[in-house]
Amino acid sequence: MPNPRIAITSGDPAGIGPEIAAAAALDSRVLAVCEPMVYGVADGRRFTPGVLSAEAGRAAYDTIVRAVEDAQNGRVNAIATAPVNKEAFHLADLPWAGHTDLLKHLTGARDVAMMFYAEALRVVLATVHIALADVPRVLTQASLESTIGLTAGALPHFGFASPRIAVAGLNPHAGEHGLFGREEETAIAPAIAACRDRGIDVRGPYPGDTVFVRARRGEFDVVIACYHDQGLIPVKLLAFGEAVNVTLGDTIVRAVEDAQNGRVNAIATAPVNKEAFHLADLPWAGHTDLLKHLTGARDVAMMFYAEALRVVLATVHIALADVPRVLTQASLESTIGLTAGALPHFGFASPRIAVAGLNPHAGEHGLFGREEETAIAPAIAACRDRGIDVRGPYPGDTVFVRARRGEFDVVIACYHDQGLIPVKLLAFGEAVNVTLGLPIVRTSVDHGTAFDIAGRGVANPESMIAAVLLAARLAKSRSA
Ligand SMILES: [Zn+2]
Ligand SMILES: [Zn+2]
C-alpha cells in the first residue's frame with residue numbers, strides 16, 4: 001500500500017494552527033510515512049493572529065467540513081486537526097463545543113469518544129466539555145458502556161490486541177463504598193459488569209487519584225476517566241506536548257496534536273480507615289475533620305507537600321456532585337488565606353498561589369459552567385485586595401504543569417481528584433499530607449490503610465518517614 005494521504009486541518013486561522021499544520025506537513029518524519037495535505041482558509045483571507053472572531057471560527061469550521069467530505073469519499077485516508085477556538089465557534093453560532101462534537105455531527109456517528117494517546121499513558125474521557133456540575137447526571141451506565149465498547153474496539157489498532165481497561169471512579173476514593181457519592185454503585189460498576197459479560201477486560205471503578213499511577217506502572221493499557229480534568233491532568237503531566245488526541249468512533253479516524261495542548265510539638269499520623277470509622281459510628285470522614293473537631297479550629301485545609309509539587313484541596317471527601325455547591329466564594333477565601341499563612345513555614349516567604357478552575361478550561365468564559373465567574377474569581381480578587389499573591393482561575397489540566405515548572409509555589413485544587421492525581425503522579429509515596437489551620441502541627445502520609453497488603457511486611461514507609469521529618473521542621477519553624 002502506498003503511504004496514506006492525511007488531511008491536516010489548520011484550525012482557527014487566528015491561532016497557531018496554520019503554523020503547526022504547515023510545519024507538520026514539511027516535517028521529514030511525517031513525509032516518510034504519509035502524504036500530508038494541508039486544509040486551510042479556502043479563499044486566502046488573512047486573519048490577525050490572536051484576535052478572536054466569528055469569521056475565523058466559521059473559516060475553521062469550513063475547513064473541517066471539507067476535510068471530512070474528502071475523508072468520507074476516499075480522497076484522504078485520515079484527518080489530523082490543528083486546534084479550533086471554542087469561543088470563535090460560539091461567536092459564529094456554531095453549536096459544537098469542539099472537534100469531537102462536530103465530527104460526530106458531520107459523520108453521523110452514533111457514539112464517539114475522545115482518547116489521549118501517549119507512550120507514557122493512554123486515557124479516554126467518558127465526558128468532555130460540560131460543566132463539572134453536569135457530569136454526575138450525564139455519566140450514565142449506558143454512556144459509559146458505549147465509551148468502554150469504543151475503547152475496547154479501538155485499542156487493537158494501537159497495538160494492544162487484548163487491552164486491559166481500567167475505569168476511574170467519579171468520587172473521591174471511588175465513593176468509598178457509598179460514603180462520598182453513589183454513582184460508582186448506580187452507574188459505573190453496572191457498566192463495567194455489563195461489558196465484562198461481553199468479554200471485555202475492563203476493571204474498576206478504581207480511585208481516580210491512584211489509577212493513573214497504576215496504569216503508568218503497566219498494570220493497565222488505558223484508563224477511562226469520568227471527566228475532563230480527571231483525565232487530562234495526568235496526560236499533560238506525563239506527556240505534555242507529546243500526547244495525541246484521537247477520536248474513537250466507527251466511521252472516522254482523527255488525530256490531533258495536543259498543542260494546548262505540650263509533650264509533643266507535632267503529630268504525624270498513620271492512615272485510618274474511613275469505613276472503620278463509619279462502622280464505629282464516628283462521624284468524621286478522616287483525620288482532618290476529626291482534628292478540626294478535637295482542636296476547635298474554625299477552618300482547616302488539607303495540603304499535600306512534596307518537593308515536586310504542593311497542592312491544597314478546597315474540598316476533600318464529598319461526592320463530586322456536591323462540589324459545585326460546597327465550593328463557595330467564602331470557603332475558597334478561607335482556603336486561600338490558610339494557604340498564604342502557612343506557606344512561609346515551608347520556606348516560601350512570599351508564596352505565589354495559583355487556583356485551578358472547577359470546570360474544563362476553567363469554564364472557558366462561561367461556556368462550560370459559571371462557578372469560575374460566580375465564586376472563584378471573586379474569591380481571588382478579594383484575597384488579592386488583602387495583599388495575597390494569588391492568581392487564576394487557571395485551567396485544571398495545565399495549572400499543575402505550570403506549577404511543576406516553577407511558575408507557582410502552590411496550587412489550590414477545587415476537589416479531591418483534581419489535586420491528588422498530580423500529587424500522586426509526581427510524588428507517589430513522597431508527598432506529605434499537612435493540615436492547615438490547626439493550632440497544632442499535623443502531618444500524615446499520602447496513602448490509605450492498604451488492607452490488601454497489611455500484615456505482610458511489604459509496605460513502603462517512605463511517606464511516613466517524610467511526614468515525620470516535615471513535622472519536625474514545621475514544629476521548629478513555629479517555635480522559632
Ligand atoms: Zn482521600
Ligand atoms: Zn478540553
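Trainee: In which strand does V312 lie?

Mentor: This is a predicted model, in which local features need pLDDT of at least 70, side-chain atom pairs count only at pLDDT 80 or more, and totals for chains, interfaces and linings use all residues. Residues are numbered from 1 along each chain as its sequence is written, while chains are lettered from A and ligands numbered from 1 in the order in which they are written. Strands (E, at least two residues) and helices (H or I, at least four) are DSSP runs numbered from the N terminus, and on that basis V312 lies in strand β13.

Trainee: Is V312 buried or exposed?

Mentor: A residue counts as buried if 20 or more other C-beta atoms, placed from the backbone, lie within 10 Å of its own, as exposed if 12 or fewer do, and as partly exposed in between. V312 has 24 other C-beta atoms within 10 Å, and is therefore buried.

Trainee: How far apart in space are V312 and V411, C-alpha to C-alpha?

Mentor: In sequence, V312 and V411 are separated by 99 residues. In space, their C-alpha to C-alpha distance is 6.3 Å.

Trainee: Which residue in β17 is the bridge partner of M303?

Mentor: Two strands pair if DSSP finds at least two bridges between them, and β12 (residues 301–305) pairs with β17 (residues 432–436) in the antiparallel sense over five bridges. Contacts, defined by C-beta atoms placed from the backbone and lying within 7 Å, link M303 to residues including V311, A342 and V434. The bridge partner of M303 in β17 is V434.

Trainee: Why is β12 largely enclosed by the rest of the structure?

Mentor: A301, M303 and Y305 point one way from β12, whereas M302 and F304 point the other way, and all are buried. In general, side chains in a regular strand alternate between the two faces of the sheet. The strand is largely enclosed because its buried residues number five of the five.

Trainee: Between which domains does the largest nonpolar core lie?

Mentor: A nonpolar core is a set of buried Ala, Val, Leu, Ile, Met, Phe, Trp, Tyr and Cys residues joined through C-beta atoms within 7 Å. The largest one has 129 residues, of which V123, V223, M303, V311 and V411 touch the most other members. Both domains, with bounds from an automatic or database assignment, give residues to this core, so it lies between domain 1 (5–257) and domain 2 (266–479).

Definitions and conventions: Contact = placed C-beta atoms within 7 Å. Lists of a residue's contacts leave out its neighbours within four places in sequence.
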